[in-house]
Amino acid sequence: MTNKTEVLIIGGGVVGTFIARELSRYKLDITLIEKGTDVCVGTSKSNTALIHAGFNADSNKLKGKLNVRGNELFRTKVQKELEVPIEWIGALVVAQDEAGIPQLEEILENGKRNKVPDLEIVKGERLFELEPNLNKNSVAALYAPTAGIVNPFELTVALANNAVKNGAEVILEAEVTDIEDKGDYKLVKTSKGNIEAKLVINAAGVYADKIAQMVGIKDFKITPRRGEYYLYDKILDIKVNHTIFQLPNKVSKGIVVTPTDEDNLLIGPSAEEIEDKDDLSNTREGLDQVIAGAKKTIPDLTTRGVIKEFAGLRAAIKETGDFLIEASDKVKGFINVAGIQSPGLASSPAIAEMVVGIVKEELPGLEEKDDFDPYEQEIPKFRHMSHKQRMKLIEKDSNYGEIICRCESITKGEILDAIRQPVGARTVNAIKRRVRPGAGRCQGGFCGPKVVEILSEELGIPKTEVKLEKDNSKILVEKTKESLQKEVTDNE
Amino acid sequence: MNKQSYDLVVVGGGPAGLAAAQEAYDQGVRDILIMERDFELGGILQQCIHNGFGLHFFGEELTGPEYAQRFMEKVAERGIDIKLDTMVLEVTPDKKVYAVNSKEGMLEIDAKAVVMAMGCRERTREAIGIPGSRVAGVFSAGTAQRYINMEGYMPGKKVVILGSGDIGLIMARRMHLEGAEVEAVLELLPFSGGLTRNIVQCLDDFDIPLRLSQTVTRIHGKERLEGVSVAKVDKNLKPIPGSEYYIECDTLLLSVGLIPENELSVAAGIELASVTGGPIVNECRETNINGIFACGNVLHVHDLVDYVTEESKLAGKAAALYLQDKIVKRDKEINIIAGDNIGYIVPHKITEKIEERKRVDLYMRGKRPMENAQILVMDGDKKLFAKKERFVKPAEMISIPLPEKMIEQLEGSTVEVKIVEGGE
Ligand SMILES: Cc1cc2nc3c(=O)[nH]c(=O)nc-3n(C[C@H](O)[C@H](O)[C@H](O)COP(=O)(O)OP(=O)(O)OC[C@H]3O[C@@H](n4cnc5c(N)ncnc54)[C@H](O)[C@@H]3O)c2cc1C
Ligand SMILES: Cc1cc2nc3c(=O)[nH]c(=O)nc-3n(C[C@H](O)[C@H](O)[C@H](O)COP(=O)(O)OP(=O)(O)OC[C@H]3O[C@@H](n4cnc5c(N)ncnc54)[C@H](O)[C@@H]3O)c2cc1C
């Protein structure tokens, strides 16, 4: 069966879903396809989650311009329309000797050129008032109050849900395997059938070069650069108030120490170029680099209190070190949104805005819908509520009175919401990204079996079909005695 | 808010909570509530379907559910109130207990005394930081036990177990009996963390190899586990380069330690001891907050449920005396000190005078395996008495009775216990 669509977006990361959502403002047929079992399974799920202020970005590069614009859009639009955790905690770039101060001043000037507001250099007592646990040898820091943090999972999922609410279609578990250019349309072959599309937008993250090659575009290559992280328990007795960078030096860009939107401490990322576009594994070396780097900033940190290690792949175009966002001049109807490395998340609203502009040129006469609904509500968060609010919630639906995840106090009601939303969770990890069961200190040891049970009931599949994430990541292999029974029948 | 009040609230309906509630009742308290987040009482015992429970306390070998059943019946006979499927969210220092369930909604319970009996949780792969990919097929041993024994599902067919604590050993046998291939049990330390009887009955009897001083250095696979890299470790427990080898498997079970579950305690203002991860308590198992007691695995990790029961009865009795205003402080507090070769001792101090008490039992663990050892109990520099132990194993808790008379005659304000090897 062949489906037809006007715009086909390949890739359900923050970039693809943001584009889908922005395009869903218009009278357009939009399809987003993603090979994973969920949206937000690529780089968008493993990064530092910072909305960079924009002081670092080179204003001569696309990423510099889009970062600052993205930050502004997060403030003025995104956080008003989508109920997603965003906190403007501010960032510090710390110098540990006097020699570093001129370097801080340079960054400050660059930031001013980029029109980043309210930058200042702080020293002495003021610095330690801002950040009491900072290494005592810190002498000064660039302070950027407009830097923020965001929950990238909730953001991406909210964008996908909002796009669907406004008429876009999201197809999961459909891998693009080939694209044929048929002149006025593209025939996109996927593992779930073919799709004819007038316009194809390539937002496939680390795979963007492979997708481009399918239509004969061979002039860029994505080199994955792995970054590893440690995440700490909320109850860790070491806290930081800001996102803290070290001054970059020749050897290292430095390890970031930051709180997350849920107030876990996050440290990382390391940087290592690798070949394999799927290798998200952690390495001893990478993790050691992370802890050593973080100790420079907060000497008291050890691996005590760590509840999770993870890794992400930066989708870098090494040659330019920049984003590549353009309608191909070789292949009509094909738009590349590639090389979206950091600050891709911070820039994502501006990337979408820019792509909408390109689409308007490609498809002239685009009209806005009258009934576009920009708002998306979050799933209730029992854990952040007052006792009174909780009471009301449970009166509405008693499923919010049943705690499934004891570490994070996540209720059955929240898990059901995660499964029942437009782009609903189909796997254990998809539920965790949306509503956090298993994201705490026991990492699903207690709630895992319960989440498996709820998924199996809601999706109407046997427990042995419930997956952790990808297709072959089933959690249980068979019922007990199943193979024994088989042997008995075989012998009969 | 649904407001209620009770004289005694017990948080957690495992063996610890049940024994504490029963004992408090038998000492005269009538207004008791047990709060349990699971759908049934019994705690972790409900998934321990093997036998070996109750040898000390009942003098017979029971399975976990059978042991739990005995206490569930005692609690039922006494008509003690129970709330199941009820999660305690917060205990305040002035003993308000906030909880939630789907029938009654939010609960605020005013308690005059509280027993904390929340048990413990397992350390995870993430907490010990094994590098590699984050695939399906890596389970903590207790989770796998739940899947098999409670839910009737196999988490895998070709298994490596890291950690030779009791749960790891029990699960090696369980998986084997269920038809899985258990490739090996690996242990980082040069000795096992499990009971000797479990090594014999769970591994030796089934020819499952126990490989000491080895650990998993990397987890392989893209979606489901495909194998693990294993290496020998040196004296500092660091992997020895070049000693690595690969084991193909679809399942890795981790039995790498238990952590008392004390988030509620910390929020209530209860001080914890760093070695045990549990509250600092006196001989009544009372915490630094008057009227809040702790017992069972939330206090320190026990290997035998019989000891949990004994300890919890102490807490239950003390809660009753507290409610009846019968607790009398000693003039002098006695601090219990873990000396040479001792990991920790519970209780941490002796502070009360209790009528008719004959002795205070000190529970402790040795730091390392020792042979022909002597346990010395000291009053300052003065030796009070010595007890010979043929074998000391960190896995096996030692209990030393301190007679009340001796406590009364102490010269100093500390009792130190230490272990020395060989005779004097
Ligand atoms: C270590 C690290 C730290 C970072 N920190 C930050 C930060 O703090 N702030 C910031 O702004 N940015 C940060 N970034 C960058 C940011 O995470 C990325 O720019 C952003 O997530 C890119 O989103 P994306 O949608 O382009 O890619 P992805 O999220 O990777 O999405 C691409 C999607 O395409 C799908 N796909 C691929 N091939 C196919 C196919 N053939 N068929 C169908 N679907 C396909 C993939 O499954 C994937 O879901 C960081 C990145 C890394 C790696
Ligand atoms: C795999 C395994 C094998 C064992 N084998 C043996 C053996 O062979 N022989 C032996 O003697 N002993 C054995 N033990 C030890 C013994 O079972 C435990 O020491 C004992 O169960 C601990 O009792 P507990 O009540 O402290 O904790 P648990 O049994 O863990 O009970 C704690 C209870 O508190 C509840 N709870 C926790 N938090 C909350 C909250 N916030 N609100 C409400 N309720 C809460 C929990 O749901 C749980 O029911 C084994 C233990 C394990 C795990």
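1. The FAD/NAD(P)-binding domain of chain B. An unreviewed UniProt entry lists residues 6–300 of chain B under the name "domain: FAD/NAD(P)-binding". In this model, which is predicted, that span of chain B is 22% helix and 31% strand, and the C-alpha atoms at the two ends of the span are 27 Å apart.

2. One residue of chain B, looked at by itself. B:Q69 has its place in helix α2 of chain B, a helix formed by residues 64–77. Is B:Q69 buried, partly exposed or exposed? The relative accessible area of B:Q69 is 36%, and since buried means under 20% and exposed means over 50%, B:Q69 counts as partly exposed. B:L41 lies 28 residues away from B:Q69 along the chain, and the C-alpha atoms of these two residues are separated by 8.7 Å.

3. The overall form of chain A. The secondary structure of chain A comes to 13 helices and 23 strands. Chain A is as compact as a globular protein of its length, because its radius of gyration, 23 Å, is close to the 23 Å that the globule rule gives for 492 residues. Along the principal axes, the C-alpha trace of chain A spans about 80 × 55 × 50 Å.

4. The interior and the contacts of chain A. Of the 492 residues in chain A, 61% are buried. If one takes the contacts in chain A with a separation of 6 or more, 71% of them are accounted for by residues 24 or more positions apart.

5. The surface and the charges of chain A. The accessible surface of chain A comes to about 20100 Å², and 48% of this surface belongs to carbon and sulfur atoms. Chain A has 69 positive and 78 negative side chains, and the centres of these two sets lie 1 Å apart.

6. The second annotated domain, in chain A. For residues 403–457 of chain A, UniProt gives, again in an unreviewed entry, the name "domain: BFD-like [2Fe-2S]-binding". This span of chain A is 49% helix and 9% strand, with its end C-alpha atoms 17 Å apart.

7. A mostly covered helix of chain A. How many of the nine residues of helix α10 (residues 412–420) of chain A are buried? Seven of them are, and the helix is therefore mostly covered. The buried residues of α10 in chain A are A:K412, A:G413, A:E414, A:I415, A:L416, A:A418 and A:I419. They pack against two strands of chain A, β21 (403–405) and β22 (410–411), and against two helices of chain A, α11 (428–435) and α12 (448–459).

Conventions
Residues are numbered from 1 along each chain as its sequence is written. Chains are lettered from A and ligands numbered from 1 in the order in which they are written. This is a predicted model: local features need pLDDT of at least 70, side-chain atom pairs count only at pLDDT 80 or more; totals for chains, interfaces and linings use all residues. Side-chain values use heavy atoms; hydrogens and water are left out. UniProt positions are given in the numbering used here, feature names are shortened, and annotations may be inferred rather than shown by experiment. Helices (H or I, at least four residues) and strands (E, at least two) are DSSP runs, numbered from the N terminus. The radius of gyration is taken over C-alpha atoms; the globule rule is 2.2 Å times the number of residues to the power 0.38. Buried means under 20% relative accessible area, exposed over 50%, partly exposed in between (1.4 Å probe, protein chains only). Contact means heavy atoms within 4.5 Å. Accessible areas come from the Shrake-Rupley method with a 1.4 Å probe; for residues, only the protein chains shown count as cover. Lys and Arg count as positive and Asp and Glu as negative; His and the chain ends are not counted. The place of a charge is taken as NZ of Lys, CZ of Arg, CG of Asp or CD of Glu.
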